[in-house]
Structure formats: C-alpha cells, structure tokens
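Dear colleague,

Please find below the structure that I agreed to hand over. My notes on what was found in it follow directly after.

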Amino acid sequence: MTDNTFLAPKTDVEVQAAQAKEEVMLSRSPISKEETRETVEEILEAYPAKVAKKRSKHVIIRNPEEIDQEIAANERTTPGIITQRGCAYAGCKGVVVGPFGDCIHIVHGPIGCSYYAWMTRRNQYKTREDGRNWLNYSFSTDLQEEDIVFGGINKLKTAVREAYNIFDPKPKSITIHATCPVGLIGDDIQGAAKELTEELGLPVVAFNCEGYKGVSQSAGHHIANNGFFKHWIGTDTETEEIEGFTVNLMGEYNIGGDAWEIERVLEKCGIKTVATFSGDGTYDAATKAHLAKVNLVMCHRSINYMATMMETKYGVPWIKVNFIGIHAFAKSIRKVARFFDNPELTARVEEVLTEEIALAEAQLAEYRKRLEGKTVFLFVGGSRAHHYQELFADLGMKTIVAGYEFAHRDDYEGRQALPKIRVDADSRNIEELEVEPDPERYNPTRPPEVLEQLREEKVIGDYEGMMPDMGEDTLLVDNISHHELDVLIKRFKPDLIGSGIKDKYIIEKFGIPCKQLHSYDYGGPFAGFRGAVNFAKDVDLRVNGQAWKYIKAPWQK
Ligand code: CFM
C-alpha cells in the first residue's frame, strides 16, 4: 500500500473539502509579483546597509520552482530592532517544563523574572486524584543585591526545602530554573540539585536556562529537553510494558485545552496516550514515556531533541503530526494508523473520521461562506505559523505572509536542511547529549523492514517544514520587526493577523483584527475537530465584526 492511498481522504464530504483546502494552501499570492518585490524593497530600505543585507536573508519571496529554497533563521536579532522573541528561561521554564502541574518549579532569580511565569500561557492542567497541582503558584527565590554580591545558593536551598516542607502531598519533582544573574555570578545550581535530591528523596532537577543562553527561547527548549531526558525519562524501571496502541503526545502544551480535544479523538479511535510533553503532563507518566510505541511530535521546534534522543536510546520512532485543522488532524491520525498497520485500528480510525469530519464540516459551512477569500498574516513562535495555515485554509482563508519568531531553518525548509546548518557560537552554547542505545531497554516497536518502509513513506522521522505549504510569491519573514509589520500591513491590508500579545494592539490600531495564537486570550481549544469549529466562530466574529470600521481616530477624519 502506498503512502498516498493510506493518508488520502475517504468520504465524499472529506474529499471535496480537502481538495478545496489544498487549493487555497498552494495557490499563488493574490498580491502581484511587482507589489511584493516593491514591498520587500521598502522594508529593507529603512535599514542601514549592513542590517539590510542581513535582514534580506530573513525576508524571502516563496518560489516553489527553486529546489531547496533557503531562509536565514535562529540568528541574533540586531540590537535596536524590536521583535517578538523571548529568552532561554522563557523557553525552558515557561514553555516546556512549567506545564507539569504535579511538580514545583522554582525560579532562581530576581522577582521580575517570575512575573511572566505566572500562568499567562494558559497551559491547562487537570488536578488528579492525588490533589497535586501547583500550576497557579509562582515560586521564586527573589534574589536581592546582596545575594548577587555574596552568592544566592543558600537562598536557593532554603527555598527548595521550604517548598518541600509546606505542601502535603509532596511534589513529584522539584525543578530549578536559572535566570541571567544566576549564571553571571556562577551559583552552582546543579550541585545544589544533586544534594537536595539525596536529602529530600525526590528528583530535584536544575536547568541552566539563563536568559542569555541563546538568541531566543529556542535555546531553552533544548536545555529543557536535555534535563528531562537525563533525569526523568526511563526512570520508571518497574513497568515493563504498556499494552495497546500507545503514543506520547510531544510538543503539545494544552493551551486552552487543545490536548483534551486531541485525546478525546485518539481515545475514540482506540489510541492510548501514555505521556504528554508537557500540556496536562504528569511526572509519573513522563517516567514511563519510553514505553510508548511511537512519539507524536506536534511542535517540532520545542521537542525534536527529545524525540530523536528517545529513538536512539529506546527505539521509539516519531511521527510529525499537526492537529490544527480538520484535514491536518485527519491525516495525522491516519499516519498513526499507518504506523501500527492493524486492520481493526484502521477500520476504527476511518469510522471515527467519517463521523467527526461530517459533523465538523457541516458546522463549518456557514462560516466558510463568510470567510472564503480572506487573507491572513501569521507570525507565531516556532510551529504555529505553519500549523495554523492548514486550519485557515480549511476556512478558505489564504496565508499570504508567514514567519516564525525563533524557529530554525529545518522548521522552514524541512529536516533535509539540517546538515547545512552552520554551528555558531550561539548554538554551541547548548549541550548536545551523546546518546546511545540502551543495552537492555532498546526495543524497536515495529520490525526493522516496516520501519524502513515507513521512513521511506515519510510517515516517521521527517518534517518537511513550512515552505512547501506556501504558494508562489507568498512572503516568509523570519523574526519580524515592528517596522516590517507596519510596512506589510499598509501595503497588503490583510483581513486578519494571527500573532502574539506583544504586537496584538499595534495591529489592532491599524484597524486589522488580530487573533492571538499563543495563549488564545480567552478562547480555545482550537485543535482537532471541535477546535476547528470554535476557531471558525472566533475568526468570523473578528473578520466580519463591524468594530474595525470605526477605528479611525477622530482627528483623522
Ligand atoms: Fe512550540 Fe508552543 Fe510554538 Fe513554542 Fe511558544 Fe506556545 Fe508558540 Mo507562544 S512550544 S514553538 S515557545 S507550539 S509559547 S505552545 S504559542 S511561541 S508557536
């Protein structure tokens, strides 16, 4: 059986909608070639020559004819230019580690660093029967000037002990996150974590995720992956096997409840989730993650390190999935069915998809009528600027400009770009773990010839990136700045911009509605089938709302 027939839409309803979606995705930009070129020129003209040269490599007009088209990414932002990036500490504590609700996460640093660690990302967590849930807390060592002068390590140890003593039941694990000043003064947080692990009898894990460790939060993802891999994964040595079609959800952070909609459908299909990294994730599940038969990688950027390390050490392969968008979701579930290649599972999956897609499509129809042909800009993080293009296309909306804040070239160009990525001083900063197959626990979950076939079909171990999904003359803008956004809005006048909280109000002052795609503000879930319908309703309210017509300031009339 070939890849195509297996992953292809099946019912008439699905075939029709999927075709329409594909056409929107791959169509050329509605903006003329000339206008697009002029716009890029205008963007670059404002910069000094050296900066313009640098930025020109990050602003790319998509040309599908050009094989291996390149874009510069994951490089330092030029000082003085304002972009939307975060820091390594944000990527480690805020993104990957923080969502584990049954653990206590302590920020070692001045109190200001903790402000944004306080539940602002809406990574939701359901309290389990044991009652452990510290997601609403913000733990900080509150470093003061004298700690910077004399060292903060004793204060840190006191804080860990205090956090441990106050609560009952005890946290499953305590994590420590270093902020910039901690790295500068050289507090030995790793030594403290080791000492406290023995003293308290629970894993205390320290992350050297000082903000300056990388050019963006992306560095923090890598640091978090390394820490989990070293200290959590595979530490359950008693459980030998978990029966069934088991998966881990990786790079899914349960923003606005996304993971729950995904799990609802997976469960209905008979696919069992062992662990999630890290939305609604628990420590115990994470220690068993190595027993799942396959990893489903949602956000490639933040979790690809752990996926490849788990494959090397335990033989768990990974599938790149996208749960955002009706057809993206269906295709992703079919990939899972393809992986297990079990007739009963496949039949069940098709049954569920038929039912769910028919329902979702029926609910979408009305919205699509009002949204078809509208244009979108997408500037989000390290994966959503790609993932959400599929959902917008489901609604008939065309993404004409897209870019990540901090993703790497492989997230744009696909993993074949990996060998071409130059290691620079900034990327060398982050430890690359050397991983080998576990002598006892390496256990390929499918026969070698099947794995090879799946690899060939690109069902496992591959990510093609954002670029192949973007039509001719669309624009890719990496790490966009406010100036660039201004020019693009004025020139292209999009109907909607999907972006973040830092730029949302700037966009809205132009009279363009902004869909906040990080925390979703108050909305969500947007993943899966029900999520797609939620999203359509939300987008319709924005795009077709009347408020934007009244945005002009009185003195402009
Ligand atoms: Fe991955 Fe994320 Fe994202 Fe990300 Fe993020 Fe996020 Fe994001 Mo905000 S892990 S790269 S560092 S999908 S917090 S849940 S929305 S920038 S696109």
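Around the ligand there are 15 residues, of which R121, H221, C299, S383 and H518 come nearest; a residue counts as near if one of its heavy atoms lies within 4 Å of the molecule. By class, this shell holds seven nonpolar, six polar and two charged residues, where Ala, Val, Leu, Ile, Met, Phe, Trp, Tyr, Cys and Pro count as nonpolar, Asp, Glu, Lys and Arg as charged, and the others, Gly among them, as polar.

Please note that the model is predicted, so that local features need pLDDT of at least 70 and side-chain atom pairs count only at pLDDT 80 or more, while totals for chains, interfaces and linings use all residues. Residues are numbered from 1 along each chain as its sequence is written, and side-chain values use heavy atoms, with hydrogens and water left out.

Two open sheets deserve description. Helices (H or I, at least four residues) and strands (E, at least two) are DSSP runs, numbered from the N terminus, and two strands pair if DSSP finds at least two bridges between them.

One open sheet has four strands in the order β3-β2-β4-β5, paired in parallel. Its edges are β3 (139-140) and β5 (204-207); each has a single partner strand, so one side of each lacks a neighbour in the sheet. Strand β4 (residues 174-178) runs parallel to β5 and is joined to it by four bridges, with H177 opposite F207 in β5. Helix α5 (residues 88-97) packs on this sheet and touches β2 (104-108), β4 and β5, contact meaning heavy atoms within 4.5 Å. The direction of α5 makes about 155 degrees with that of β4; axes are lines fitted to C-alpha atoms, for helices over the stretch in contact, and angles run from 0 to 180 degrees between N-to-C directions. Helix α8 (residues 153-166) also packs on the sheet, touching β2 and β4, and its direction makes about 160 degrees with that of β2.

The other open sheet also has four strands with parallel pairing, in the order β7-β6-β8-β9. Here β7 and β9 (318-320) are the edge strands, each with a single partner, so one side of each is without a neighbour in the sheet. The twist averages 25 degrees from one strand to the next. Strand β6 (residues 245-252) is largely enclosed by the rest of the structure, because seven of its eight residues are buried, that is, under 20% relative accessible area, with exposed meaning over 50% and partly exposed in between (1.4 Å probe, protein chains only). Six bridges connect β6 to the parallel strand β7 (residues 271-278), and four connect β6 to β8 (residues 294-297), also parallel. M250 has bridge partners in both: F277 in β7 and V297 in β8.

Some backbone details may also be of interest. Most residues other than glycine have a negative phi, and most peptide bonds are trans. A cis peptide bond joins D168 and P169, with omega about 0 degrees; P169 lies in the loop between α8 and β4. The bond from G524 to P525 is likewise cis, with omega near -5 degrees. N254 has a positive phi, near 55 degrees, and is buried at a relative accessible area of 0%. D473 has a positive phi as well, near 65 degrees, and is buried at 6%.

Yours sincerely
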